[in-house]
Amino acid sequence: MACLLETPIRMSVLSVDSLRAELPRKPNKEVIYLQEVTASSRHYVDRLFDPDPQKVLQGVIDMKNAVIGNNKQKANLIVLGAVPRLLYLLQQETSSTELKTECAVVLGSLAMGTENNVKSLLDCHIIPALLQGLLSPDLKFIEACLRCLRTIFTSPVTPEELLYTDATVIPHLMALLSRSRYTQEYICQIFSHCCKGPDHQTILFNHGAVQNIAHLLTSVSYKVRMQALKCFSVLAFENPQVSMTLVNVLVDGELLPQIFVKMLQRDKPIEMQLTSAKCLTYMCRAGAIRTDDNCIVLKTLPCLVRMCSKERLLEERVEGAETLAYLIEPDVELQRIASITDHLIAMLADYFKYPSSVSAITDIKRLDHDLKHAHELRQAAFKLYASLGANDEDIRKKIIETENMMDRIVTGLSESSVKVRLAAVRCLHSLSRSVQQLRTSFQDHAVWKPLMKVLQNAPDEILVVASSMLCNLLLEFSPSKEPILESGAVELLCGLTQSENPALRVNGIWALMNMAFQAEQKIKADILRSLSTEQLFRLLSDSDLNVLMKTLGLLRNLLSTRPHIDKIMSTHGKQIMQAVTLILEGEHNIEVKEQTLCILANIADGTTAKELIMTNDDILQKIKYYMGHSHVKLQLAAMFCISNLVWNDEEGSQERQDKLRDMGIVDILHKLSQSPDSNLCDKAKTALQQYLA
């Protein structure tokens, strides 16, 4: 029987190859597996919608068992929409407590997968749902919610602020601390991960964190003790209020510092030793414990040095070195003690020998791990060397004499890791405080070359330290000064003075000030041309006092050497005098006005430039006013101006003396010649002698 087809069959001649291509292929194993996983995953999700509550519960339990350690299964379930349904069941009043608990457990397991898993959970607003679950009377459910919250909040993709959005959350968590060892462990872990900065510290402190957590240090559970210890380390960091409170807290009749000291003894786990040392370090840096206290000198410092040894794990060596660097950074005596403890300087040289051979590592995961830690080790070593060499010349010499150290630091300036580059620059900056090293090692290794390269394009945090170091390399005794000038440093530094970052403006103008000291006329002219008088005025009205002081210092150095003074004042005199007037009339401190009067004294030393003062009655009245000021520094600075103006072996001295006498300057000089201050008395007598000669 014939039948009609709506679409006629089209015949065509096919080649053998095309026929072979159209034959059904054997399915790829991965495709079959993916289809099976997807099908089974959908089955798990479908069971969540079963009308029978018991079947739903069993489905959640089966899902829990299926996702443990299986990231693919976790990802599939999230894609198939399991999370919104689990959250719905978790929040339903009709759901049994057992079902709610199992839902929280599964959600916690999903959060233990990838960071993308956590992002998906956050997008479904999991945190408010779990926080609501903490209001339940059932302890098992509370613990499951806290465990899941702990996992989510310890993920780097979770914003810490989500913990502080609702003001009732922190006090409720404090109240839950007493419920069980698990609530104690999870809540302390949440606090330690979500306490970032002074605002968070204040919130936790004001809600009784110190009192509620202190007694947990004596818990029978090691995990609880560790999490409580970590809480105290983040609470005390750069926080004098918390640190001062911790010093006086008693736990079972012992003060907290005594408990911390016991926890950093050699027989305790390394994690506990390190965290206890951190607590004591942070309390010391916050001013709660003296740097010469035995718990610092005899306990904390030696413990941290031990952590730097070869026997320790890479993570421990990094943490130990960075904490020790922070402890000793401001204290010269601790730097000296650390430098002679367990051959620390030589020990740190090993930090640069890791990994010993990349080619020998065949496991990609291990290679990534080792290279990551190689960066961290170098960063930590540079930081600690920077702290060790911050103040003591002998220590700097030992560091530089360590095998290939200067080569390693110079190499560090071009590392791919920003953190390593920053630490290397800090280390060099610390070593650059040595006059001897500037003249020898820094010159031998042409350190200025990689430094100038760093300054061309780097993040602000690196620029701040690198420009600080450049200030040292531009001092007049530094052999690097000339090649730095030739490499375009003037334009670079003038550019820094326009930065929005006050620290960069300070360093830019500071380096220019050093550059101008006893410099040739050409260099001074280059500085003024590149900086421009407009920018000079902006810097002289800068809100940052350091910027203003360094700008005045630059002007003072530019206006030195008589021919230079006359040349500069002939082209920029009007603007400079205007700036001087504004500062002397403004509300500035003694140091600013003293520096400004010293600039006037330099101008008064010029051959032709002094006429700019003599023809400016307003300025002359200001000099007269400061001669009678109550502050000796200002009187002395004003006296320098007068001495240079009345010096009698210079052309026009008689006219200048007459004008100043008519103003009453001689009467003031007679009065000052009786001053109890010997310097002021001598200056006044010297000036009077010019009138008598």
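Me: A residue is called buried when its relative accessible area is under 20%. With that in mind, and since this is a predicted model, why does Glu 650 count as buried?

Reply: Glu 650 has a relative accessibility of 18%, and because buried means under 20%, Glu 650 falls on the buried side of the cut-off.

Me: What makes the contact between the side chains of Glu 650 and Arg 562 a salt bridge?

Reply: The N to O distance for Glu 650 and Arg 562 is 3.1 Å, and a salt bridge asks for a side-chain nitrogen of Lys or Arg within 4 Å of a carboxyl oxygen of Asp or Glu, so the pair qualifies. This pair joins distant parts of the chain, with Glu 650 in the loop between helix 40 and helix 41 and Arg 562 in helix 36, 88 residues apart.

Me: Why is Arg 562 called partly exposed?

Reply: Its relative accessibility is 32%, and since partly exposed covers what lies between the 20% limit for buried and the 50% limit for exposed, Arg 562 is placed in the middle class.

Me: How do you know that Arg 336 forms a salt bridge with Asp 392?

Reply: The closest N and O atoms of Arg 336 and Asp 392 are 2.8 Å apart, which is within the 4 Å that the definition allows, so the pair counts as a salt bridge. Arg 336 lies in helix 20, while Asp 392 lies in the loop between helix 22 and helix 23, so the pair ties together parts that are 56 residues apart in sequence.

Me: Why is Asp 392 called buried, and why is Arg 336 called partly exposed?

Reply: Asp 392 has a relative accessible area of 10%, which is under the 20% limit, so the word buried applies. Arg 336 stands at 36% relative accessibility, which lies between the two limits and therefore makes Arg 336 partly exposed.

Me: What separates Lys 522 and Asp 526 in helix 33?

Reply: Lys 522 and Asp 526 are four residues apart in helix 33, and so about one helical turn separates them. Their side chains meet in a salt bridge with an N to O distance of 3.1 Å.

Me: Why is Lys 522 called exposed, and why is Asp 526 called buried?

Reply: Lys 522 reaches 56% relative accessibility, and because exposed means over 50%, Lys 522 earns that name. Asp 526 has a relative accessible area of 17%, which is under 20%, so Asp 526 is buried.

Methods. Residues numbered from 1 in each chain as written. Predicted model: local features only at pLDDT ≥ 70, side-chain atom pairs only at ≥ 80, totals over all residues. Heavy atoms only, no water. Helix = DSSP H or I, 4+ residues; strand = E, 2+ residues; numbered from the N terminus. Buried < 20%, exposed > 50% of the residue type's maximum accessible area, 1.4 Å probe, protein only.
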